[in-house]
Amino acid sequence: MRKIIVRGGAAVLILGAVTGAAIAQQQPAERAPRWAEPVAQADFVNRAVQRVESLDTNADGTVTAGERSAAREARRGERMNARFAKLDANSDGSISRAEFDAGHAERGQRMGRRGAGRMQRVDRADRTVTVADARARAEQAFARMDKDGDGVVTREERREMRGERRARRAARAAPTAE
């Protein structure tokens, strides 16, 4: 019995190493800057719907907790491989103590206040999402951002909405006087 467990564990480790190495060798595609140009409502809504549809692996119009969890784990694996590649400065397949310390010092400076907010997120893994719900939410979000009602969200409108959202969060986080 013990041999089976040891062999099974070794097989999982080998499979993980092979998969990780294959993913790490892939070069990330260049992405165009988000919101560089004004975005029309149809494009905005279609992008949101496509993100949800990409999670819907069985194409039933509903994204279940299992489908979201699988997508989250896949993204997590990609991020871990990217972090490893970034820390491995000399690309020798291993991370020395000096590479590790240098990478984490840089990351700590970049994280700043962003890290604290991420720890407070609420896990909504048990909620199912339908494509129709995603479309409705995207349309509502676009309507909130499109301040002048011209059917196009500009970079300035997006910045304004982001500032409003930050102000609301700050107001919620501020201690209330009793």
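## A walk from Met161 into the core

Start by selecting methionine 161: at a relative accessible area of 6%, this residue is buried, since anything under 20% counts as buried. Keep in mind as you click around that this is a predicted model.

**Stop 1: around Met161.** Colour helix H7, residues 155–173, and you'll find methionine 161 in it. Which residues does methionine 161 touch, once its neighbours within four places in sequence are left aside? Show Arg144 and Met145, because those are the contacts once you count heavy atoms within 4.5 Å. Now draw a distance from the C-alpha of methionine 161 to the C-alpha of arginine 144: you should get 7.9 Å, for two residues 17 apart in sequence.

Stay in H7 for a moment and pick arginine 159, which also lies in that helix. Its relative accessibility is 48%, so arginine 159 counts as partly exposed. Try another C-alpha distance, this time from arginine 159 to methionine 145: these two sit 14 residues apart along the chain and are separated by 9.2 Å.

**Stop 2: the whole chain.** Zoom out and switch to a cartoon view. How many helices and strands does the protein chain have? Count 7 helices and 4 strands. Trace them from the N terminus and the order reads α-β-α-β-α-α-α-β-α-β-α. Of the 178 residues in the chain, 17% are buried. Turn on the surface, too: about 14,100 Å² is accessible, and carbon and sulfur atoms own 54% of that. Here's one for the contact map: take the contacts between residues at least 6 apart in sequence, and 57% of them join residues at least 24 apart.

**Stop 3: helix H2.** Select residues 41–55. With 15 residues at 1.5 Å a residue, H2 should span 21 Å, and its end C-alpha atoms are 22 Å apart, which agrees. Next, show the side chains of Phe44, Val45, Ala48, Val49 and Val52, the buried residues of this helix. Look straight down the axis of H2: these buried residues fall within an arc of 125 degrees, so they line one face of the helix. A bit of background helps here: an α-helix has 3.6 residues a turn, so residues three or four places apart point the same way.

Spin to the other side of H2 and you meet Gln50 and Ser54, which are exposed. What covers the buried residues of H2? The cover includes strand S1 (39–40), strand S2 (62–63), strand S3 (129–130) and helix H6 (131–145). For a closer look at one of the buried residues, click valine 45: beyond residues up to four places away in sequence, it touches Arg135, Ala138 and Glu139.

**Stop 4: the core.** The largest nonpolar core has 16 residues, and Phe44, Val45, Val52, Ala138 and Met145 have the most contacts inside it. H2 and H6 each supply at least two of the core's residues. H6 gives the largest share, 6 residues. As a general background point, nonpolar side chains in soluble globular proteins tend to be buried together.

**Stop 5: the aromatic pair.** Searching the whole structure turns up 1 aromatic pair. Show phenylalanine 44 and phenylalanine 142: their ring centres are 5.5 Å apart and their planes meet at 55 degrees, so the pair is tilted. Phenylalanine 44 lies in helix H2 and phenylalanine 142 in helix H6, so the pair ties together parts 98 residues apart in sequence. Are these two phenylalanines buried or exposed? Both are buried.

**Stop 6: helix H3.** Select residues 65–87. H3 has 23 residues and reaches 32 Å from its first C-alpha to its last, close to the 33 Å expected at 1.5 Å a residue. Its buried residues are Glu67, Arg68, Ala71, Asn81 and Leu87.

**Stop 7: two loop residues.** Before the last selections, note that most residues other than glycine have a negative phi. Now go to the loop between H2 and S2 and pick alanine 59. This residue is not a glycine, yet its phi is positive, about 55 degrees. Alanine 59 has 67% relative accessibility, so it counts as exposed.

Finish in the loop between helix H3 and helix H4 (97–111), where you'll find serine 91. Its phi is near 55 degrees, a positive value in a residue other than glycine. Serine 91 is exposed, with a relative accessible area of 63%.

How values were computed:
Residues numbered from 1 in each chain as written. Predicted model: local features only at pLDDT ≥ 70, side-chain atom pairs only at ≥ 80, totals over all residues. Heavy atoms only, no water. Expected span 1.5 Å × (residues − 1). Buried < 20%, exposed > 50% of the residue type's maximum accessible area, 1.4 Å probe, protein only. Arc of directions from axis to C-beta. Areas by Shrake-Rupley, 256 points an atom, 1.4 Å probe, with all protein chains shown as cover. Core = buried A, V, L, I, M, F, W, Y, C linked by side-chain atoms within 4.5 Å. Phe/Tyr/Trp six-rings, centres within 6.5 Å; stacked < 30°, edge-to-face > 60°.
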